[in-house]
Amino acid sequence: MRQDHLITATQLSRDDIEAVLDRARAVADDPAAYADRHAGRVLALCFFEPSTRTRMSFDSAAKRLGMNTIDMGDVDSSSVSKGESLSDTVRVIEGYADALVLRHPSEGAATLAGERVDVPVVNAGDGAGQHPSQTLLDLHTIREDHGLDDLTIGVMGDLKYGRTVHSLAAALTEFDANQHFISPESLRLPRSVRFDLHETGAQIREHDDLEPILDELDVLYVTRIQKERFPDENEYHRVAGEYQIDAETLADAPDDLTVMHPLPRVDEIAPDVDETDHARYFEQAHNGIPVRMALLDTLLENANPDGDEGTEVGR
Ligand code: CP
C-alpha cells in the first residue's frame, strides 16, 4: 500500500488490502517481532464522537508497536468546546504526533484533515461516510473463515447511515463479491453509495427480508440502527427492532455461515446467537489489534521510508 492516509475504502486496491491483511496475519503469528518497531513514535487519538473499540484498539495497537499515544479526550474538555476549527485542531496536533486517528460526526472531516496535515491520518469514522480501518478488520475476519473470493454476503440493518457498510461494500467490489442488502425501504443504501457500486460493475441486490436468501450466504453482516444519525427520532422508532436475528432465525442457515457485527449491538443480534458456531463478532472486534498494528506499521513505513525513528520535534 503506497498511501499517505487511510480516508476511504475506495482508495484501496485488492493488492493494498491483501498486503495489509498479510501483514496482520504475520503480526498475529509473531507479535514479538513487531514489539519495538515504532518505539519513540507517537499516535494521536482524536475522537469527536464516542468509541470503545476503535479508540482502544488503536491505542493498544500503537503501544504493541512500541509507540506512545496521546488522546485529545472528550470534545467538552478540549479547545474544540471554545470554537476551535477542525483544521486548526489537526494542524496543531500534527506537531505532537507521528500519525493521527480521527473520528468525527461530519462526512468529509477526515478528507479535510488529510489535506491539512503531513503525518498519516486514519479515518476512524466520519459521520455516515466511511470507516475503512473497520473494513480491514472485517475483511481479515472474513478471509480467515472463507477467503475473499467467490464470497456471498448479506448486509442487514441500517444501510443508509451505517458507515461500516459503505466502506465494506466498496472494498468487496475488489473481490467481485455477491452482495445482498437487507433493510427497510427507508434505510436502503444512499444513492451515492449505490451509484459508486454500480460504477465498479458490482452485482448488488436489495431485499426487504433475510429469509429468502439466508441459505445462499457465506457471511451475514448485521448492523445497528444508527439512532444518533436520525434527524427525526420518531423515524428511528418506526424502524427500530425490525431487523433482529436470534438462534431460531439461523436454524436453517448454512453450517459455515459466519455472523458478523461491527458492534456495539443493541438488540439486533439476540444473546443466544453468541452460543452458536456462527457468531464471530467478538473475534472480529479482537482482530482490530493485529489489523490496526499492520495498518499503522504500513502507514508509518510509507511516511518514513528511510526508517528514521521518532518525532521531529518543533517543526
Ligand atoms: N465498530 C466500532 O467502530 O466501534 P466503536 O464505535 O466502539 O469504535
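Author: Two strands pair if DSSP finds at least two bridges between them. Helices (H or I, at least four residues) and strands (E, at least two) are DSSP runs, numbered from the N terminus. The model here is predicted: local features need pLDDT of at least 70, side-chain atom pairs count only at pLDDT 80 or more, and totals for chains, interfaces and linings use all residues. Residues are numbered from 1 along each chain as its sequence is written, and side-chain values use heavy atoms, without hydrogens or water.

Reader: What makes strand 5 and strand 8 pair?

Author: Strand 5 (residues 152–156) and strand 8 (residues 219–222) share 4 bridges. At least two are needed, so they pair. The sense is parallel. One bridge joins methionine 156 to valine 222 in strand 8.

Reader: How many bridges link strand 5 to strand 6?

Author: There are 5, again in the parallel sense. Isoleucine 153 has glutamine 179 of strand 6 as its bridge partner.

Reader: In what order do the strands of this sheet stand?

Author: The order is 7-6-5-8-9, an open sheet of 5 strands with parallel pairing. Strand 7 (204–207) and strand 9 (258–260) each have a single partner strand, so each has one side without a neighbour in the sheet. From one strand to the next, the twist averages 20°. Such angles run from 0 to 180 degrees between N-to-C directions, with axes fitted to C-alpha atoms, for helices over the stretch in contact.

Reader: What touches this sheet?

Author: Helix 6 (residues 163–172) packs on it. Contact means heavy atoms within 4.5 Å. Helix 6 touches strand 5, strand 6 (178–182) and strand 8, and its direction makes about 160° with that of strand 6.

Reader: Why is strand 6 called largely enclosed?

Author: Buried means under 20% relative accessible area, exposed over 50%, partly exposed in between (1.4 Å probe, protein chains only). In strand 6, 4 of the 5 residues are buried, so the rest of the structure largely encloses the strand.

Reader: Why does leucine 220 count as buried?

Author: Its relative accessibility is 0%, so leucine 220 falls under the buried cut-off. Leucine 220 sits in strand 8. Beyond its neighbours within four places in sequence, its contacts include Gly154, Met156, Ile245 and Val259. Leucine 220 and threonine 152 are 68 residues apart in sequence, yet their C-alpha atoms are 9.0 Å apart in space.

Reader: How do you know what span helix 10 should have?

Author: The expected span is 1.5 Å times one less than the number of residues. For the 16 residues of helix 10 (residues 288–303), that gives 22 Å, and the end C-alpha atoms are 22 Å apart, so the two agree. In helix 10, 14 of the 16 residues are buried, so the rest of the structure largely encloses this helix as well.

Reader: Which strands form the edges of the other open sheet, 2-1-3-4?

Author: That sheet has 4 strands with parallel pairing. Strand 2 (68–71) and strand 4 (121–126) are the edge strands, as each pairs on one side only. On average, neighbouring strands are turned by 15° against each other, direction ignored. Strand 1 (residues 42–47) and strand 3 run parallel and are joined by 5 bridges. Leucine 43 is bridged to alanine 99 in strand 3. Helix 4 (residues 109–116) packs on this sheet, touching strand 3 and strand 4.

Reader: Which residues carry the "binding site" feature?

Author: UniProt, in an unreviewed entry, lists Arg53, Thr54, Arg103, His131, Gln134, Leu263 and Pro264. UniProt positions follow the numbering used here, feature names are shortened, and annotations may be inferred rather than shown by experiment.

Reader: Why does arginine 103 count as buried?

Author: Its relative accessibility is 7%, under the cut-off, so arginine 103 is buried. Arginine 103 lies in strand 3 (residues 99–104). Among the residues that arginine 103 touches are Thr54, His131 and Arg163.

Reader: Is leucine 263 buried or exposed?

Author: Leucine 263 is buried, at 13%. Its place is the loop between strand 9 and helix 9 (281–286). Leucine 263 touches Arg53, Tyr281, Phe282 and Ala285, leaving aside residues up to four places away in sequence. The peptide bond from leucine 263 to proline 264 is cis, with omega near 5°.

Reader: Why does aspartate 150 count as exposed?

Author: Its relative accessibility is 73%, over the exposed cut-off, so aspartate 150 is exposed. Aspartate 150 lies in the loop between helix 5 (132–146) and strand 5. Its phi is positive, about 55°, although aspartate 150 is not a glycine.
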